[in-house]
Amino acid sequence: MSPVRVEVVQDTCCCSGLCALAVPDVFGQDEDGIVVLLQSQPPQERHAAVAEAARRCPTTSIKVS
Ligand code: SF4
């Protein structure tokens, strides 16, 4: 499988926390609840979870390429 690069858009994040709950080694939240990216290139075993988190983000603030 090819490498995956993850990006987050803090300007549109609504602080739902869904991504941090689902994949806490890749997504965190700052003191205001805004998403913080912990790993931009997660290991292969996390790719499916990251893709699911991106799909479930209510504001489509997670980009996977
Ligand atoms: S799921 Fe989306 S809106 Fe919720 S904290 Fe993560 S990036 Fe922000």
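Around the ligand, with a heavy atom within 4 Å of it, lie Cys13, Cys14, Ser16, Gly17, Leu18, Cys19, Val35, Cys57, Pro58, Thr59, Ser61 and Ile62. By class, this shell has eight nonpolar residues, four polar ones and no charged ones, where Cys, Val, Leu, Ile and Pro are among those counted as nonpolar, Asp, Glu, Lys and Arg are the charged ones, and Gly is among the polar ones.

This is a predicted model, in which local features need pLDDT of at least 70 and side-chain atom pairs count only at pLDDT 80 or more, while totals for chains, interfaces and linings use all residues. Residues are numbered from 1 along each chain as its sequence is written, and side-chain values use heavy atoms, leaving out hydrogens and water.

Turning to charged side chains, the structure holds two salt bridges, a term for a side-chain nitrogen of Lys or Arg within 4 Å of a carboxyl oxygen of Asp or Glu. In one of them, Arg46 meets Asp25 at 3.0 Å, N to O. Because Arg46 lies in the loop between strand E3 (35-37) and helix H2 (47-56), and Asp25 in the loop between helix H1 (18-22) and strand E2 (27-29), the pair ties together parts that are 21 residues apart in sequence. Here helices (H or I, at least four residues) and strands (E, at least two) are DSSP runs, numbered from the N terminus.

Glu52 and Arg55 also form a salt bridge, with their closest N and O atoms 2.9 Å apart; these residues are three apart in helix H2, and so are separated by about one helical turn.
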